[in-house]
Amino acid sequence: MIARVIASIAAASVLLCTGARWALADELSCGTGSSCRAVALHPSPVAAPAGAHVVGRIDTALTDHGRTIMVSAWYPAAESGEPAPYVPATGPAAQAQIAARAAEWMHAPAAAAAMIGAQAAATEGAPVDGDRLPIVVVSPGMGTPRFILSGLAAELASRGYAVVAIDHTSESPAVELPDGRIILGTAPNPDTEYMRDQLAARTADMRLVLDRLVGLPIVGPHIDLDQVATLGHSYGGTAAVQLLGSDPRVRAAVSIDGPAGWAGVADAPTTDLPALLFDLTGEWTASWGPFRDERFDHVAMPGGGHYSASDLCALGGGADLCGTVPPDRAAAISRSAIVAWLDRLFRGGHEPRYSAPELHWQP
């Protein structure tokens, strides 16, 4: 599935407008970009979070050794107010560029129209509600933007978690920096050297987030550094579990339809820490062979598609990407299962694993 998605991204990338043309449009409408207001005009079709808390979001840049990444921090908020834009960008042209490129790379071009001008289920810059929040560091799938996991991030925040989602610069389709520049990614390919480089870049980005957690604006002082999980979709899931095996700050990992290792790149790590594979396509089960003790959980959702736990299905992804489970139902199941699994680890929950007719927990 990852290889097929990479091939789709490579084919779609040649259809997009050049960065120079888009940059000109953004300059004409917004000047430098940093002085523009974000655009959030209408509700998103992505299902709203179901937790007890309203949600806040703050977008910020992290820089280390000349590399800058953009992240979105989601958290339980003390009050609601003006919603953040679904696409984290300033000005309509920037949103249009990023949404169009992301939708093309994900092989669902019609989804761009639902993204542009949509509101996130979060208040921009709201004060935090709570302290010592468990933290989940999120890596999206290969060639996908951080905002495509907004629904899951908002759900976790509504349940009392802090979540930091990363745009992996140069691999993400397009991302806006604080100075208004839009950095366009290079279309991924399944070459072993490329996959090795991107895994190294992804894990380095996640470590940078871990290094800077307490300094994050608004939410940083409220994070519990003893309760850290990584979560990723597709190749982001690979990065999440690889970091679990190598960074002692990480206490658990969730992989959404991703392999534990990649042939010629990295073997599945050896660890006795808890990991969850939320399996949507069955393509990567064999790569999880070393994870077979009581600390490993494997749940499958037959009928799901590779993007079923993301927002793409609600935004207009087709059955080839989203399977046959209706988008809102797939979102509710995946979110509930992941939150319940994390709650058992970080909050001492003793409830049975989340169950639904569509889910099959492996023994």
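Ser 150, Gly 151, Leu 152, Ala 153, Ala 154, Glu 155, Leu 156, Ala 157 and Ser 158 are the buried residues of helix H5. That makes nine of nine for a helix that spans residues 150-158. Keep in mind that this is a predicted model. H5 turns up again and again below: it helps line the second largest pocket, it helps line the largest cavity, and some of its residues touch Trp 74 of strand S3.

**The protein overall**

- The fold has 10 helices and 14 strands.
- Out of 363 residues, 58% count as buried.
- Take the contacts with a separation of 6 or more: 72% of them come from residues 24 or more positions apart.
- The exposed surface comes to about 13,500 Å², and carbon and sulfur atoms supply 55% of that.

**Helix H5 and its end**

- Ser 158 belongs to H5, and it counts as buried because its relative accessibility is 1%, against a cut-off of under 20%.
- What does Ser 158 touch, leaving aside its neighbours within four places in sequence? Its contacts are Pro 49, Ala 50, Gly 51, Ala 52, His 53 and Val 55.
- After H5 comes Gly 160, which has a positive phi, near 100°.

**Strand S3 and its partners**

- S3 covers residues 67-77 and is mostly covered, with nine of its 11 residues buried.
- Strand S2 (residues 54-64) pairs with S3 in the antiparallel sense, over 11 bridges.
- The two strands make a hairpin with two residues between them, and His 65 in that turn has a positive phi of about 50°.
- S3 is also joined to strand S7 (residues 162-167), antiparallel again, by five bridges.
- Ser 72 of S3 shows both pairings: it is the bridge partner of Asp 59, and its bridge partner in S7 is Ala 165.

**Trp 74, a residue to click on**

- Trp 74 sits in S3.
- Is Trp 74 buried or exposed? It is buried, because its relative accessible area is 2% and the cut-off is under 20%.
- Leaving aside neighbours within four places in sequence, its contacts include Ser 150, Ala 153, Ala 154 and Ala 157, which are among the buried residues of H5.
- Val 55, Gly 56 and Arg 57 are also among the contacts of Trp 74, as are Ala 120, Ala 122, Tyr 161, Ala 162 and Val 163.
- Trp 74 and Tyr 161 are 87 residues apart in sequence, yet their C-alpha atoms lie 8.1 Å apart.

**Strand S6**

- S6 runs over residues 133-139, and it is largely enclosed by the rest of the structure because seven of its seven residues are buried.
- Leu 133, Ile 135, Val 137 and Ser 139 point one way, while Pro 134, Val 136 and Val 138 point the other way, and all are buried.
- That fits a general pattern: in a regular strand, side chains alternate between the two faces of the sheet.
- Strand S10 (residues 223-233) runs parallel to S6, with six bridges in the pairing; there, Val 136 stands opposite Ala 229.
- S7 is also joined to S6, in the parallel sense, by four bridges, and here Ile 135 stands opposite Ala 162.

**The second largest pocket**

- This pocket holds about 170 Å³ of space.
- Its lining has 14 residues, and those nearest the centre are Ser 44, Val 46, Gln 119, Ala 120 and Ala 121.
- Which elements each supply at least two residues of this lining? Strand S5 (118-124) and H5 do.
- By residue class, the lining has 10 nonpolar, four polar and no charged residues.

**The largest cavity**

- Searching the whole structure turns up four cavities of 30 Å³ or more, and the largest has a volume of about 80 Å³.
- The largest cavity is lined by 14 residues, with Ser 310, Asp 311, Pro 327, Ala 331 and Arg 335 nearest its centre.
- H5, helix H8 (312-315) and helix H10 (327-346) each give at least two lining residues, and H10 gives the most, with four.
- This lining divides into eight nonpolar, three polar and three charged residues.

Conventions
Residues are numbered from 1 along each chain as its sequence is written. This is a predicted model: local features need pLDDT of at least 70, side-chain atom pairs count only at pLDDT 80 or more; totals for chains, interfaces and linings use all residues. Side-chain values use heavy atoms; hydrogens and water are left out. Buried means under 20% relative accessible area, exposed over 50%, partly exposed in between (1.4 Å probe, protein chains only). On a 1 Å grid over the protein atoms alone, a cavity is a set of points where a 1.4 Å probe fits but cannot get out, and a pocket is an open set with protein on both sides within 12 Å along at least five of seven lines; lining residues have an atom within 4 Å of a point. Grid points are joined across faces, edges and corners, and a volume is the space filled by probe spheres set on the points. Ala, Val, Leu, Ile, Met, Phe, Trp, Tyr, Cys and Pro count as nonpolar, Asp, Glu, Lys and Arg as charged, and the others, Gly among them, as polar. Two strands pair if DSSP finds at least two bridges between them. Contact means heavy atoms within 4.5 Å. Accessible areas come from the Shrake-Rupley method with a 1.4 Å probe; for residues, only the protein chains shown count as cover.
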